[in-house]
Amino acid sequence: MIKPVTSSPVARPDEVRRHNRTTLLRLLHVGGPSTRATLATQLGLNRSTIKTLVDGLAEAGVVEEKVPRPGRGAGRPSLLVLPQPHAAVVLAVDLQVEHVAIALVGLGGQILGRNSWNLRGRMGQPEEVITHVIESTNILASDLGVTPVAAGVSVPGVVRRADGHVHEAPNLRWTDVALGERLGAVLQIPILVGNDAEFGAVAEHLRGAARGASDVVYISADVGVGGGVIAEGSALRGGAGYVGEIGHMVIRPDGRPCYCGSSGCWETEVGEAALCRALGLAEDTPRGAILFELRELGRDPEAALSQLAEFAEWLTLGLINIVNLLGAQLVILGDLLTVLPEAVLRHVGAEVRRRSLVSRAVGGTRIVSSALGADGKLLGAAEVAFEVVLDSV
């Protein structure tokens, strides 16, 4: 049960009401439609207080109450309280190595509209990306008749969360880009910029495979490899926001050189190039062809286990280190790893549970594929933006 704020010598009545209002709204935003009785139970508040809160939100146009569709049960059905998507809209941006996706997301997590484009040549330079994001956002907002009140931007790199400064995004060839500052100066809204794997972890924790889990690691494996960590129910962000560069764990000291200056990083053994080598494809093979080969290989479990044996071993070694270090109860594989053949995923999971001391101690770490697919980081960016919005809705 979520603990509400109750009156105390240091908590003024208006502060109590504001906190309970925000908590109720967050429940509806993440959990979806609910009855007043259920909200009262979840918040630990009496029904008259819930009525006051819901009536106030309804009067402000933030929620509405509707009779649910007729069911088989007897008696009068309870009204459902529903968040109104247009009551608060945020901009979500998912910047990847090969393309950019943007979406305007309403209260409750509903995607109201979206756009995307590929990055080729000059289109991948910071100035071009920033200009295109701003122009596309303005067009989309105008078409939908909405105005975003905050933005979340997912970037495949090392980001300073305090101001959205991209220290380094090597696969984009970006260094020291004041992304948050430059977007904020034009859009005139709060801009929250973060690492893509962190945002993927947030999305899976709130809306995907990690709902209800308290200790989670999300693995983003694209051209590069990164990680997002949920520790005791909260995102682990580090002192300056620099956390989760698990792709640069050195697991093979005599391995391939990595762009970071080291050799044998995990990324060199389980990133896109490594997967291409395992599949017998050229390292510059288009993404669609890689996905096709993985799906075809998945039709033959024995062939999949044989062909991807070395790749699976490096994936397993890295995951054992991560589980032992972070004590994760759940590991979610995102991006390219979501298409690994089921037989390979089962084998890796069994090996991690067998060879990890911490996994055995916590009763066995589960390893699953992302439940949100390509929209994961976009939804994560939206949720981070909503963190600064719900208090003021």
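Here are some notes on two sheets, a helix and a surface patch in this structure, which is a predicted model.

1. Start with the five-stranded sheet. The sheet is open, its strands run in the order S14-S13-S12-S15-S16, and the pairing is mixed. At the edges you'll find S14 and S16 (366-369), each of which pairs on one side only.

2. Strand S12 (residues 216-221) is a good place to look next. Six of its six residues are buried. In a regular strand, side chains alternate between the two faces of the sheet. Here both faces of S12 are covered: Val216, Tyr218 and Ser220 are buried on one side, and Val217, Ile219 and Ala221 are buried on the other.

3. Now for the neighbours of S12. On the S13 side (residues 225-231), the two strands run antiparallel and are joined by six bridges. A hairpin of three residues links S12 to S13. If you want a pair to click on, Val216 has Ile230 in S13 as its bridge partner.

4. With S15 (residues 330-335), S12 pairs in the parallel sense, again over six bridges. Val217 has Val331 as its bridge partner in S15. Moving on, S15 also runs parallel to S16, and four bridges join them. One residue to check there is Leu333, whose bridge partner in S16 is Ser369.

5. What lies across these strands? Helix H11 (residues 309-326) lies across S12, S13, S15 and S16. Relative to S12, H11 runs at about 150°.

6. There's a nonpolar patch on the surface too, made by Leu236, Leu325 and Leu326 and covering about 280 Å². Leu236 sits in the loop between strand S14 (234-235) and helix H7 (267-270). Is Leu236 buried or partly exposed? Leu236 counts as partly exposed because its relative accessibility is 36%, while the cut-off for buried is under 20%.

7. Last, the three-stranded sheet. This sheet is open as well, with the order S1-S3-S2 and antiparallel pairing. S1 (34-35) and S2 (63-66) are the edge strands, and each has a single partner strand, so one side of each has no neighbour in the sheet. Between S1 and S3 (residues 80-83) there are two bridges, in the antiparallel sense. Ser34, for one, has Val81 in S3 as its bridge partner.

Note on methods
Residues are numbered from 1 along each chain as its sequence is written. This is a predicted model: local features need pLDDT of at least 70, side-chain atom pairs count only at pLDDT 80 or more; totals for chains, interfaces and linings use all residues. Side-chain values use heavy atoms; hydrogens and water are left out. Two strands pair if DSSP finds at least two bridges between them. Buried means under 20% relative accessible area, exposed over 50%, partly exposed in between (1.4 Å probe, protein chains only). Patches are made of residues with over 30% relative accessible area and no salt bridge: like charges are joined within 9 Å, nonpolar side chains (Val, Leu, Ile, Met, Phe, Trp, Tyr) within 5 Å. Accessible areas come from the Shrake-Rupley method with a 1.4 Å probe; for residues, only the protein chains shown count as cover. A salt bridge is a side-chain nitrogen of Lys or Arg within 4 Å of a carboxyl oxygen of Asp or Glu. Contact means heavy atoms within 4.5 Å. Axes are lines fitted to C-alpha atoms, for helices over the stretch in contact, and angles run from 0 to 180 degrees between N-to-C directions.
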